[in-house]
Amino acid sequence: MVNYQRILKDCFWDLTISSDEIQNIVKGGDMKKLNILFEKILLNSTALFHDLEIFDRKRLETLLENYKIPQFNKEYALRRKNMAEVYFFDKPLLIDELKWGV
C-alpha cells in the first residue's frame, strides 16, 4: 500500500501537489513528470525502497538507468541510486562502507 501522505510530506514539501496528481503521473506517460517524481522520491523519501515501489519494475529500471546524477549532492544522490539498484535489480554495490568484509 502506497503511503501518499508520507511521500507528499517527505518529497513535495516545496510544491503543491495531491495524491491524485502523483497517481496520474505514475499511470501517465509524461517522462518529464515521471523523472521529477522519481528524483523527488529518490533524494527525499524516508522510506526509499517502499516508495519506489510506486513505479512498476520496468519503469523503475528505466528511470534508474536514465537518471543523471546532479552536481549538487552528487555523493548522496549516487549512494541512493546505487542502493535502489542493488535492492531492486541485484546490481553491484558500489558503496564501500556498506560492503561486508571491507
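Modeller: In this discussion, a contact means heavy atoms within 4.5 Å. By that criterion Ser19, in the predicted model, touches Tyr4, Gln5 and Leu8, residues up to four places away in sequence not being counted.

Colleague: Where is Ser19 placed, and how far is it from Tyr4 in sequence and in space?

Modeller: Ser19 belongs to helix H2. Ser19 and Tyr4 are separated by 15 residues in sequence, and their C-alpha atoms are 5.7 Å apart.

Colleague: Why is Ser19 called buried?

Modeller: The term buried requires a relative accessible area under 20%. Ser19 has 18%, and therefore counts as buried.

Colleague: What makes Asp51 a buried residue, and which residues does Asp51 touch?

Modeller: Asp51 has a relative accessible area of 1%. The limit for buried is under 20%, so Asp51 meets it. This residue lies in helix H4, and it touches Arg6, Ile7, Ile41 and Ser45, again leaving out residues up to four places away in sequence.

Colleague: Why is Asn44 called partly exposed?

Modeller: Partly exposed covers the range between the buried limit of 20% and the exposed limit of 50%. Asn44 has a relative accessible area of 31%, so the term partly exposed applies. Asn44 is found in helix H3 and touches Asp10, Cys11 and Arg80, with residues up to four places away in sequence not counted. Asn44 and Phe12 are 32 residues apart in sequence, with 8.7 Å between their C-alpha atoms.

Colleague: How do you know that the span of helix H3 agrees with its number of residues?

Modeller: Helix H3 comprises residues 31-44, which is 14 residues. At 1.5 Å a residue the expected span is 20 Å, and the end C-alpha atoms are 19 Å apart, so the two values agree.

Colleague: Which residues of H3 are buried, and what do they pack against?

Modeller: The buried residues of H3 are Leu34, Leu37, Phe38, Lys40, Ile41, Leu42 and Leu43. They pack against helix H1 (4-11), helix H2 (19-27), helix H4 (48-52), helix H5 (57-66) and helix H6 (74-89).

Colleague: How does the span of H6 compare with what its residues should give?

Modeller: H6 has 16 residues, which should span 22 Å. Its end C-alpha atoms are 22 Å apart, so the expectation is met. Ala77, Arg80, Lys81, Asn82, Ala84, Glu85, Phe88 and Phe89 are the buried residues of H6, and they pack against H3, H4 and H5.

Colleague: Which residues of H1 are buried, and what covers them?

Modeller: In H1 the buried residues are Tyr4, Ile7, Leu8, Asp10 and Cys11. Their cover includes H2, H3 and H4.

Colleague: What makes the phi of Asn73 worth a remark?

Modeller: Most residues other than glycine have a negative phi. Asn73 is not a glycine, and its phi is positive, near 60°. The residue sits in the loop between H5 and H6. With a relative accessibility of 41%, between 20% and 50%, Asn73 counts as partly exposed.

Colleague: What is the phi of Asp90, and why is Asp90 called exposed?

Modeller: Asp90 also is not a glycine, and its phi is positive, about 50°. Asp90 is placed in the segment after H6. Exposed requires over 50%; Asp90 has 72% relative accessibility, so the term applies.

Colleague: Turning to the whole protein, how do you know that its radius of gyration agrees with that of a compact globule?

Modeller: For 102 residues, a compact globule would have a radius of gyration near 13 Å. The protein has 14 Å, and the conclusion is therefore that the two agree. Its C-alpha atoms fill a box of roughly 45 × 30 × 25 Å along the principal axes, and 35% of the residues count as buried.

Colleague: How many helices and strands make up the secondary structure, and what share of the contacts join residues at least 24 apart?

Modeller: There are 6 helices and 0 strands, giving the pattern α-α-α-α-α-α along the sequence. Among contacts between residues at least 6 apart in sequence, 53% join residues at least 24 apart.

Colleague: How many positive and negative side chains does the protein have?

Modeller: The protein has 16 positive and 16 negative side chains, and the centres of the two sets are 2 Å apart. The accessible surface comes to about 6800 Å², with 54% of it belonging to carbon and sulfur atoms.

Technical notes. Residues are numbered from 1 along each chain as its sequence is written. This is a predicted model: local features need pLDDT of at least 70, side-chain atom pairs count only at pLDDT 80 or more; totals for chains, interfaces and linings use all residues. Side-chain values use heavy atoms; hydrogens and water are left out. Helices (H or I, at least four residues) and strands (E, at least two) are DSSP runs, numbered from the N terminus. The radius of gyration is taken over C-alpha atoms; the globule rule is 2.2 Å times the number of residues to the power 0.38. Buried means under 20% relative accessible area, exposed over 50%, partly exposed in between (1.4 Å probe, protein chains only). Accessible areas come from the Shrake-Rupley method with a 1.4 Å probe; for residues, only the protein chains shown count as cover. Lys and Arg count as positive and Asp and Glu as negative; His and the chain ends are not counted. The place of a charge is taken as NZ of Lys, CZ of Arg, CG of Asp or CD of Glu. The expected span of a helix is 1.5 Å times one less than its number of residues.
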